Amino acid sequence: MTDLSLDQFQKLTSTIYRKLGLHFDDKKIYFLKTRVAKRMAALGIDDPQQYVFLINYADREGVEMQQLANLITTNETYMFREYEQLQAFANHCLPEVLAAKHARGDKTLRIWSAGCSSGEEPYTLAMIVQEVFPQVSTWTCEIVATDVDENMLRRTRAALYGERSVKEVPDQLRAKYLVERGEEYVVRQRTAALVEVRHLNLNDRLAMRTMKNFDFVFCRNVLIYFDDISRKAVVDHFHTALNKGGYVFLGHSESAGRITPAFRLKRFENHLVYMKE
Ligand SMILES: C[S@@+](CC[C@H](N)C(=O)[O-])C[C@H]1O[C@@H](n2cnc3c(N)ncnc32)[C@H](O)[C@@H]1O
């Protein structure tokens, strides 16, 4: 284990915060020590001071910060997570947005899964869209799945999942959307094809500005690792990225209302969602 001093820990966490928006308090010192130890071993560095210097001053291209990011993110996810919230999407928000677009003659649907981890969320959204709106095959539909963790993006592209990831998939949808491959399940091609996977750091202002014209943004169980300031910046970007009448879905314990008045709060089936007016 590396001997990271409190001062070195704080230097590292302030750079991590600046680059990724992630907030690590002093209680996380052991967690960070174990991750830094891995990176130091990989780089053949013995002195933690040298690693702190590398991250703070010698990592102009962000290559080492990316390696560290791959180790410090929390990636817990599974398909159909927070099922009731997804029902609010499937039964109310999605039909409402589709009807409004249909009335305008606009046959595009764009959804962003921001902080998609290994892809269970975007593929869940793809299944719901195909289930609720089979005519989507005649529309231009794109579900953009983004994450900062390169290992997770690789797994999203593979679209191959173990039992733990698929345990909440309703029985009637399993065979329709997933194919068994040995002990695992692969997402069927016509569903996987709706999902486009991209690297994106939610704390990168320039990259965030390129995200536009979305009807829905899902950013669930991501902003809990941010603080109020970095969280507000991200939610403000979501507001810009959404079309009028579009919705943002946050995780269970996260609230946009507390950090920005920009959205209209709506309640469906006991779930709060945020609409751009
Ligand atoms: C707990 S997972 C949530 C997955 C999924 N949205 C869900 O609710 O099941 C959080 C994800 O957010 C990603 N993340 C954390 N900080 C990020 C950042 N600055 N930019 C993009 N993604 C980030 C992590 O890599 C991780 O995969």
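**Contacts, globularity and cores of a predicted model**

User: What share of the contacts in the chain between residues at least 6 apart in sequence join residues at least 24 apart?

Analyst: In this predicted model, that share is 74%. A pair enters the count when heavy atoms of the two residues lie within 4.5 Å.

User: Why does the radius of gyration of the chain agree with that of a compact globule?

Analyst: For 277 residues, the globule rule of 2.2 Å times the number of residues to the power 0.38 gives a value near 19 Å. The chain has 20 Å, which agrees. Along the principal axes, the C-alpha trace spans about 60 × 50 × 30 Å.

User: What makes a residue count as buried, and what percentage of the chain is buried?

Analyst: The criterion is a relative accessible area under 20%. Buried residues account for 53% of the 277 residues. The chain exposes about 13,600 Å², of which carbon and sulfur atoms supply 50%.

User: What makes a set of residues a nonpolar core, and which residues have the most contacts inside the largest one?

Analyst: Its members must be buried residues of the nonpolar types, joined through side-chain atoms within 4.5 Å. The largest such core has 46 residues, and those with the most contacts inside it are M79, F89, L109, I111, F216 and Y247. Helix α5 (residues 83-104) gives the most to this core, with eight residues. Apart from it lies another core of 44 residues, including F24, I45, L68 and A114.

User: Which residues are in contact with Y247, leaving aside its neighbours within four places in sequence?

Analyst: Among them are C93, E96, V97, F216, L242, F268 and M275.

Notes:
Residues are numbered from 1 along each chain as its sequence is written. This is a predicted model: local features need pLDDT of at least 70, side-chain atom pairs count only at pLDDT 80 or more; totals for chains, interfaces and linings use all residues. Side-chain values use heavy atoms; hydrogens and water are left out. Buried means under 20% relative accessible area, exposed over 50%, partly exposed in between (1.4 Å probe, protein chains only). Accessible areas come from the Shrake-Rupley method with a 1.4 Å probe; for residues, only the protein chains shown count as cover. Helices (H or I, at least four residues) and strands (E, at least two) are DSSP runs, numbered from the N terminus.
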